[in-house]
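User: I've got this one open in the viewer and I'd like to go through the labels. Can you take me through the reasoning behind them?

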Amino acid sequence: MKRTFSTITFVITTTCCSIAQKTFVHPGILQNKEDFEHLYQVVQKQIQPAYSSYLLLRDNPRASANYTMNGPFETISRDGEFSYTKPKFEADLSAAYLNSIMWMVTKDESHARKSLDILDAYALKLRTIPPTNDAPLLAGLEGFKVVYATEVLRYTYKGISSQQLARITKMITGIFQPVLDTFYHVPAYTNGNWGGIVTKTYMAMAIFLNNEAMYKKAIDFYYNGRDNGTIRNYIDGDTGQIQESGRDQGHCQLGLGALATICEIAYHQGDDLYSALDNRLLKGFEYVARYNLGDDDVPFRKWKDMSGRYNNWPVISSIGRGKFQPVYFMPYHHFVLRKGLSMPYTKMVIEKMGVEDFDRDQPAFGTFLFSGK
C-alpha cells in the first residue's frame, strides 16, 4: 500500500525516533526490476505504442553502445569561463543515462560497458563544478543522469568493480551533492523549476546512498520548502496556474516535469507524493496543457512569488506556446492509468504529440519508460 505524506505526517515521522529505518528499493529510481522486465518484454514483443517510443530511444545517437565521448573534463559549467563544455558533457552524461536504460531493456552488455566507461572516465577526471549562476541547474540536471545510471549498474551489472563504484560514488558525493546542498541553504532566489530539478536529483542520491535523512529532506522540501519550486508554491491550488506561467511555456513544462519525476521516484519507494494537496500536480499539468493547446480562457493572475523577484508578469506568456515537451505521459500514466482520474487536456496533448521522444533535461521517452504498472 502506498503511503500518503502530508506536512503533519512528515513532522511526525521526522521527529519520532521510534520509526523504523526505511528500506530502499534497488534499483529504485523511476524504474525497479519489475519495471525493467516489463520494458524488456515490450521490446521483445514489440508492444505498441510503447515500442514506437523505444525505437526513438534505440535510434538516438546518445543511446548507442558506439557513442564517442566528448570529454571527460576537469571542470564542467553551463555558464562562465567553462561554458564551452556544456553541450559536450550534457551529451556524454545523457549517453551514460540512455545506455544504462538500453542495457536493462535489451540485456546487451555493450550498453552497460558504455555507460560505465563514461561514468568512470568522468569520475577519474572531473574535479569541480564552479559556483557560477547555473551551478545548481547543472548539478540537478546532469547529476540525475549520473545517479540514475550508477544505481542501475550497481544493482544489475556484474562488470562494475568495487573500485569503479567507489570512484563514481565519490564524484556524486564530492562534486555534485555539495552544489545541491548549497542551493538548499540559501534563501529562495530562483524561478521554481530550479527547486524541482535540485530535489529530484537529491532524492535520487538519497536512494542511491541509502540515506534516509536525505530522502526525508527531499520530501520535506517538496511539501514545505521556502522556495518557488515546491508543490505548494509552484502550482496554484485553485486554478493550476504555474509560478512561471507569465515567463514562458517551456520553463513551465520544465518545472512540472521535475515535480512529476520527484513523485515517480517516491512512488517506487512506496510513498505517494502525487496526491499531495488534492492532486495539485494534476491541476498544474492540465492548466499548462489547456493553454498550450490553444485555449485563451485559462485564468491568470499576477503572482507574488517566494523570492520577490518574479512578480511583474501581467499576462500569461505566449513564448513557447504549443511547443510540447515529453513530460506528459509520466503523470498521465499515474493519475489516469494507475488511479483512474481524468486529465482530458493532458490526454489531448499526448494524442497531439504522439509517442514521446528524447529531451536532454527530462527522463523522456515516457510512452515507453512509463508503460508498466
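Analyst: Sure. Helices here are DSSP runs of H or I with at least four residues, strands are runs of E with at least two, and both are numbered from the N terminus. Leu93, for example, is found in helix α4. Bear in mind that this is a predicted model, where local features need pLDDT of at least 70, side-chain atom pairs count only at pLDDT 80 or more, and totals for chains, interfaces and linings use all residues. Residues are numbered from 1 along each chain as its sequence is written, and side-chain values use heavy atoms, with hydrogens and water left out.

User: What makes Leu93 count as buried?

Analyst: The cut-offs are under 20% relative accessible area for buried, over 50% for exposed, and partly exposed in between, using a 1.4 Å probe and protein chains only. Leu93 has 3% relative accessibility, so it counts as buried. Leaving out residues up to four places away in sequence, Leu93 touches Tyr122, Glu142, Lys145 and Val146, where contact means heavy atoms within 4.5 Å.

User: Why is α4 called roughly parallel to α6?

Analyst: Helix α4 (residues 86-106) and helix α6 (residues 135-156) pack at an angle of about 30°, with their axes 9 Å apart. Axes are lines fitted to C-alpha atoms, for helices over the stretch in contact, and angles run from 0 to 180 degrees between N-to-C directions. Angles under 35 degrees count as roughly parallel, over 145 as roughly antiparallel, 65 to 115 as roughly perpendicular, and the rest as oblique. That is why α4 is roughly parallel to α6.

User: Which classes of residue make up the contact of α4 with α6?

Analyst: It has 14 nonpolar, three polar and three charged residues. Ala, Val, Leu, Ile, Met, Phe, Trp, Tyr, Cys and Pro count as nonpolar, Asp, Glu, Lys and Arg as charged, and the others, Gly among them, as polar. The α4 side includes Phe89 and Trp103, and the α6 side includes Phe144 and Leu153.

User: And what makes α3 oblique to α4?

Analyst: The axes of helix α3 (residues 50-58) and α4 cross at roughly 130° and come within 11 Å. That angle fits none of the named ranges, so α3 is oblique to α4. Tyr54, Leu57 and Arg58 of α3 make the contact with Leu98, Ile101, Met102, Val105 and Thr106 of α4.

User: How do you know that Cys252 has no bond to Cys263?

Analyst: A disulfide is a pair of cysteine sulfur atoms within 2.5 Å. The closest cysteine sulfur to that of Cys252 is in Cys263, 17 Å away, so it is too far for a bond. The search of the whole structure finds zero disulfides. Both cysteines do count as buried: Cys252 has a relative accessible area of 0%, and Cys263 has 0% relative accessibility.

User: Is Ser245 buried or exposed?

Analyst: With a relative accessible area of 0%, Ser245 is buried. Ser245 lies in the loop between α10 (231-234) and α11 (249-267). Beyond residues up to four places away in sequence, Ser245 touches Cys252, Tyr287, Phe300, Ile316 and Ser317.

User: Why is Asn210 called partly exposed?

Analyst: Asn210 has 36% relative accessibility, which lies between the two cut-offs, so it counts as partly exposed. Its phi is near 55°, a positive value in a residue other than glycine. Ala364 also has a positive phi, about 65°, although it is not a glycine, but at 3% relative accessibility Ala364 counts as buried.
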